[in-house]
Amino acid sequence: MKRLRAPLTENAVQSLRVGDEILIDGYIYAARDAAHKRMIEAIVLGQDLPFDPRGQIIYYVGPCPAPPGKVIGSAGPTTSGRMDAYTPALLERGLRGMIGKGDRSQAVVEAMQRFGAVYLAAVGGAGVYLAERIVSAQTVAYPELGPEALLRLEVRSFPCIVAIDSYGDNIYQEVRNRVNSQYYKEEENDQNKRPAQ
Amino acid sequence: MREIHCDQITAAVRECVLKANVELPPDIREALNQAYNREDSSRARQILKILLTNAEMAEEKKMAICQDTGLVAVNIDMGQEVHVVGGDINQAVNEGVRQGYRDGYFRKSVVSDPLQRINSGDNTPAIIHYQLLPGDHFNITVLPKGAGSENMGQLTMLKPAQGLDGMRDFVVRVVKEAGANACPPLIVGVGIGGNMEMAAYLAKKALLRPVDERHHRADLAVLESELLEAINRLGFGPQGMGGQTSALAVNIETYPTHIACLPVAVSLGCHATRRSSCTL
């Protein structure tokens, strides 16, 4: 288990390899669909982003409201693929890490290699387990988006697995390649058993 | 005529959504536990362990199992001898959802219009299905379903000639295309027959059946087990990171159909498929 301080240095990103299990300490930003859309609109209009993405990690999460006595409600990762269209522009501006669940597009993986970034998977559906590792939460921008507002989170021992590293190695792709070979093998066997149509 | 007041319906829906979002159904918990004991891969075991721990923590702290507390589907099975009094039944259901999501500190994940996309602020409206049958019963079942799994569901209109093989291929393909996104290990709801909307409705209804309960028809029970084996042979595993447990169960529901039709719908439930019922 490696420990990682956020924001990330270039060296830290380069030291991470697919499959590494890590614990993150430090500050990260929470943003999902609507906040990404706003940030990209700001970039297009030449406006400043609500935070400087250089070295930072974005966690794709829309948490539950904080119950009394808690800093945040359940806060597990959402499906990252929905952010793919917005991600290369942020990587180009220095974003070094993303936390989410599920595979990324080829364009995102290429941009990660080009600009030096890492994609980390947190366990989807483990909302309470992960919320317990968040020690403070503060709204930075877009409060009107409710659960989709941009937040700054302080995390302690936040557990992730390196899903795609800055060299383009991809855990989901590895699994998918194995799944595909199994699937096509079975399909071929089935075709042989069936009468010609 | 048995009278049921709208206030009773509101209170019952509120209780159901509060319970469903916080308590993982015992059959799913047991299935995750069995998967944990069966898995060889240490990563798969570690993920399953976190999911089991999370379920315990959610119940103890009364916090949502998953932050995606979903769009709520409410199924109401009611007898035709029941007379609902004291207001609008649809408003009563939505009021229950509103109160439950406020009081449970659950995320409000509904936008009022699919294109304008402004959050409705209280997680309403719910999707409400009524089933009217003889009698004076009144049963409410809620299924607050997250979008990670919901977005990966599919429906197809097969040709009858494609038959059983075509159906099997489609179900496995939907799971394969979903990969990690639907949060495996999955519960795979399959609706076969009826027409287009009926197949989708059946697939959803199939998710309400406990994972340890096979179809009462022997041929469909065998089919469910065979499909589950085929899906688990794929090797996606928990969170799509490899392993033997890609699904916990395949539940099939069927309905008569047209001589020219073979609709098949697949609704994927995540490892935290949340459901709760109550009877008034």
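**Where the chains meet, and a sheet in chain B**

In this predicted model, the contact draws 35 residues from chain A and 40 residues from chain B. On the side of chain A that touches chain B, two elements give two or more residues: helix H5 (127-131) and helix H6 (171-193) of chain A. Of these, H6(A) gives the most, with 8 residues. As for what sort of residues turn up on that side of chain A, there are 17 nonpolar, 13 polar and 5 charged ones.

Turning to chain B, four strands come together there as an open sheet, and their order reads S4-S2-S5-S10. The pairing in this sheet is mixed. Strand S4 (127-133) and strand S10 (276-279) of chain B sit at the edges, each pairing on one side only. Leaving direction aside, neighbouring strands of the sheet are turned by 15° against each other on average.

One pairing in this sheet can be followed down to single residues. Strand S5 (residues 138-145) of chain B runs antiparallel to S10(B), and 4 bridges link the pair. Val142(B) has its bridge partner in S10(B), namely Ser276(B).

A helix comes into the picture too. Helix H1 of chain B, made up of residues 6-22, lies across three strands of chain B: S2 (71-79), S5 and S10. Its direction makes an angle of about 40° with S5(B). So to speak, S10(B) plays two parts here: the strand is an edge of the sheet, and helix H1(B) lies across it.

How values were computed: Residues are numbered from 1 along each chain as its sequence is written. Chains are lettered from A and ligands numbered from 1 in the order in which they are written. This is a predicted model: local features need pLDDT of at least 70, side-chain atom pairs count only at pLDDT 80 or more; totals for chains, interfaces and linings use all residues. Two strands pair if DSSP finds at least two bridges between them. Axes are lines fitted to C-alpha atoms, for helices over the stretch in contact, and angles run from 0 to 180 degrees between N-to-C directions. Two residues are in contact if their C-beta atoms, placed from the backbone, lie within 7 Å. Ala, Val, Leu, Ile, Met, Phe, Trp, Tyr, Cys and Pro count as nonpolar, Asp, Glu, Lys and Arg as charged, and the others, Gly among them, as polar.
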